[in-house]
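Good morning, colleagues. Please look at the model on the screen while I go through its helices, its charged pairs and a few individual residues.

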Amino acid sequence: VCSFKLLRTRCVSTELSSPQSHLAPSKQPRSGRASFLFQFDITLCKQFCFIPKLPEIMSEPKKPTLATSMALGGTAAAFAVNFTHPIELVKTRLQVSGGSIGATCSEILSKEGVTAFWKGIPFGYGRELSYTSIKLGAYAPVRDAMGANEPNSPFYLKFAAGALTGGVGSIFGNPFDVMKTLAQTNKGSESLGALVNNLYRDQGAAGFYRGVQVNIMRACVLNATKMGCYDMAKGHVSTATGWDRKDPKTVFASSFIAGFFMTITVAPWDMLRTKLMNQPTDVKLYDGFVDCASKTIKEGGVLSLWRGFVPIWARFAPQATLQLLTIEALYTYLGYKGI
């Protein structure tokens, strides 16, 4: 400490005794000796006082645990589904029966009422708290574990992390997906409990996992595209605009971009999943997703796999935006590092 004070004294005295000491402080040139002592002074501060290092340590956000991140992901998804469930109901009915968006909405309003747009919402909550909590909440921890947490990390690692969490999540969420699809396409007044009882009576526990193969494939493609494109887009948007990665504008723009590419890659899988899950409980119409795909293409052509593209995008874009905005806000509020 004494040496430290002595060096500071010498540094000041050298500055004051220099020929230019009469100049304004901002215009006084520093002598070579004073400059050396000044730099040595800063080095001592860095080594012993840790003054420059302290803000770096304090500003570094902590990473959430896997369980915490999944809980936040499920919370964000359960919040978003309140706004996107009506859009999904229209999309599901279009995929099953065809028709236009306007005609479908008019029929629902006239025959079933406004509340029909939220048919199956309890199963929607179950799906988000199981499937989406894993695919959305577990993405960042899994990505970091794979070594893809840097902005310039290979895109295939980000896609792989999204595919892994999406595939695992779909296994847990498949029963809720089946029941939600049946509830959304049910135009009568059958209760949710009756739907569950009928399915179990006719097909047993296996009925809740029908369409699971295509659902896993869909989830892998969906989450790989969603989280991979979102993660990559955040870097490009931030670089192009100068916005921070946590800025809501960056999150909004990146999630909107991800939603568009999600629709392109997922629409065919979404169509096949809906058809498989919407089979009557007492009749088997398709022998797996390959048979379903071949029959669908035979009936309506290849482009029929993208039927309902607009409502799918109308659901994916706001859903991805709401989910990602909410989970990023929760990360920031709790002091965690964002995606």
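Let me begin with helix α8, which bends by about 60 degrees at Gly173. A proline, Pro175, follows that glycine within four residues. I should say at once that this is a predicted model, and every value I quote is computed from it.

The bend can be set beside the end-to-end span. Helix α8 runs over residues 155-185. A straight helix of 31 residues would span 45 Å at 1.5 Å a residue, yet the end C-alpha atoms of α8 span only 38 Å.

How does helix α10 fare when its 30 residues are put to the test of 1.5 Å a residue? Helix α10 covers residues 212-241, and at that rise it should span 44 Å. Its end C-alpha atoms lie 41 Å apart, which agrees with the expected value. Just after α10 comes Gly242, with a positive phi of about 85 degrees.

Let me now place these two helices in the whole. The protein chain has 13 helices and zero strands, so defined as DSSP runs of at least four and at least two residues, respectively. Of the 339 residues in the chain, 46% are buried.

I turn next to the charged side chains. In general, side chains of opposite charge can pair when their charged atoms come close. The structure holds 21 salt bridges, and I have picked out three.

The first on my list is between Lys158 and Asp231, whose closest N and O atoms are 3.4 Å apart. This pair links distant parts of the chain, with Lys158 in helix α8 and Asp231 in helix α10, 73 residues apart. Are these two residues, Lys158 and Asp231, buried or exposed? Both Lys158 and Asp231 are buried.

Next on the list are Arg218 and Asp270, whose side chains meet in a salt bridge at 2.8 Å, N to O. Here too distant parts of the chain are linked: Arg218 sits in helix α10 and Asp270 in helix α11, residues 248-277, with their positions 52 residues apart in the numbering. Arg218 is buried, and Asp270 is buried as well.

The last on my list joins Asp247 to Lys249, with an N to O distance of 3.2 Å. Lys249 has a relative accessible area of 42% and is therefore partly exposed.

Which residues are linked with Arg218 and Asp270 in a network of salt bridges? The network also contains Glu88, Lys91, Arg127, Glu128, Asp177, Lys180 and Arg273.

Two members of that network also appear in contacts between C-alpha atoms. One is Arg273, whose C-alpha atom is separated by 6.0 Å from that of Val214, although the two are 59 residues apart along the chain. Val214 belongs to helix α10, and its relative accessible area of 0% makes it buried. The other is Lys180, whose C-alpha atom lies 9.6 Å from that of Tyr125, with 55 residues of separation along the chain. Tyr125 is found in helix α6, residues 121-135. Its relative accessibility is 31%, so Tyr125 counts as partly exposed.

Let me come to the surface. Leu164, Val168, Ile171, Phe172 and Tyr209 form a nonpolar patch there, and together they have about 450 Å² of accessible area. Where in the chain is Tyr209 placed? Tyr209 lies in the loop between α9, residues 192-203, and α10. With a relative accessible area of 36%, Tyr209 is partly exposed.

Finally, the cysteines. A search of the whole structure finds zero disulfides. Cys220 has a relative accessibility of 25% and so counts as partly exposed. Cys292, by contrast, is buried, with a relative accessible area of 0%. Cys292 is located in helix α12, residues 288-300. Its C-alpha atom is 7.3 Å from that of Leu276, a residue 16 positions away in sequence.

To close, I would ask you to keep two pictures in mind. One is helix α8, with its bend of about 60 degrees at Gly173. The other is the buried pair of Lys158 and Asp231, which connects α8 with α10. Thank you for your attention.

Methods:
Residues are numbered from 1 along each chain as its sequence is written. This is a predicted model: local features need pLDDT of at least 70, side-chain atom pairs count only at pLDDT 80 or more; totals for chains, interfaces and linings use all residues. Side-chain values use heavy atoms; hydrogens and water are left out. The expected span of a helix is 1.5 Å times one less than its number of residues. The bend at a residue is the angle between axes fitted to the seven residues ending there and the seven starting there. Patches are made of residues with over 30% relative accessible area and no salt bridge: like charges are joined within 9 Å, nonpolar side chains (Val, Leu, Ile, Met, Phe, Trp, Tyr) within 5 Å. Accessible areas come from the Shrake-Rupley method with a 1.4 Å probe; for residues, only the protein chains shown count as cover. A salt bridge is a side-chain nitrogen of Lys or Arg within 4 Å of a carboxyl oxygen of Asp or Glu. Buried means under 20% relative accessible area, exposed over 50%, partly exposed in between (1.4 Å probe, protein chains only). A disulfide is a pair of cysteine sulfur atoms within 2.5 Å.
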